[in-house]
Amino acid sequence: MRPVIPYVTAALLFGLGVYGVLRRRNAVLVLMAVELMLNAVNLILVTADTTVRAVLPHSGQVFALFVIVLAAAEIGVGLAIVLQLYRLRASVTVDDVPLTEPAADRSGFPGDVAAGSAADRAEVGR
């Protein structure tokens, strides 16, 4: 087997995944692009394991299994975040996600001076 073909295929898959992550606005499509990149890494690991005789036998295949487990965990957490985002915003567009909390929403935290009444703020100032 020529190892150039799987390496070029993996490079194309990884490039397509990077393009999908950088260009897409839909959160589900971004997760799919990340999965595409992880599958490209798996292809490289298995190809390297079959072409390069390492000291440890089947080490590339074992690493590929770890990457598959990591991808499954990432999809579970990612889809939970996307579902919660859809419940809150009714949209899964990545551009609409606020990265910081507004200061007005912090009024409910315990110990916050702005949360109390005027009498509470007067006691804090003493």
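**Exercises on a four-helix predicted model**

Valine 41 lies in helix α2, where helices are DSSP runs of H or I with at least four residues, strands are runs of E with at least two, and both are numbered from the N terminus. The model is predicted, so that local features need pLDDT of at least 70 and side-chain atom pairs count only at pLDDT 80 or more, while totals for chains, interfaces and linings use all residues. Residues are numbered from 1 along each chain as its sequence is written, and side-chain values use heavy atoms, with hydrogens and water left out.

**Exercise 1.** Classify valine 41 as buried, partly exposed or exposed, and state which residues form the nonpolar patch on the surface.

*Solution.* Buried means under 20% relative accessible area, exposed over 50%, and partly exposed in between (1.4 Å probe, protein chains only). Valine 41 has a relative accessible area of 31% and is therefore partly exposed. The nonpolar patch consists of Phe14, Val18, Leu22 and Val41, which together have about 340 Å² of accessible area. Such areas come from the Shrake-Rupley method with a 1.4 Å probe, and for residues only the protein chains shown count as cover. Patch members have over 30% relative accessible area and no salt bridge; like charges are joined within 9 Å, and nonpolar side chains (Val, Leu, Ile, Met, Phe, Trp, Tyr) within 5 Å. A salt bridge is a side-chain nitrogen of Lys or Arg within 4 Å of a carboxyl oxygen of Asp or Glu. Helix α1 (residues 4–23) supplies the largest share of the patch, three residues.

**Exercise 2.** Compare the span of α3 with the expected value, and identify the buried residues of α3.

*Solution.* The expected span of a helix is 1.5 Å times one less than its number of residues. For the 31 residues of α3 this gives 45 Å, and the helix reaches 44 Å from its first C-alpha to its last, close to that expectation. Its buried residues are Gly60, Ala64, Val67, Ala71, Gly78, Val82 and Leu85. Helix α2 is included in what covers them. Just after α3, alanine 90 adopts a positive phi of about 60 degrees.

**Exercise 3.** For asparagine 42 and aspartate 49, decide whether each is buried or exposed, and list their contacts beyond four places in sequence.

*Solution.* Asparagine 42 belongs to helix α2 (residues 27–51). With 10% relative accessibility, asparagine 42 counts as buried. Beyond its neighbours within four places in sequence, asparagine 42 contacts (heavy atoms within 4.5 Å) Ala64, Val67 and Ile68. Aspartate 49, also in helix α2, is buried at 12% relative accessibility. On the same sequence criterion, aspartate 49 touches His58, Ser59, Gly60 and Gln61. The side chains of aspartate 49 and glutamine 61 form a polar contact at 3.4 Å. This term denotes a pair of N or O atoms within 3.5 Å; within protein, one must be able to donate a hydrogen and the other to accept it, and residues adjacent in sequence count only if both atoms are side-chain atoms.

**Exercise 4.** Locate valine 94 and state how far it lies from arginine 25 in sequence and in space.

*Solution.* Valine 94 sits in the loop between α3 (59–89) and α4 (118–125). Because its relative accessibility is 37%, valine 94 counts as partly exposed. Valine 94 and arginine 25 are 69 residues apart in sequence, yet 5.2 Å apart in space, C-alpha to C-alpha. Leaving aside neighbours within four places in sequence, valine 94 contacts Arg25, Asn26, Ala27 and Val30.
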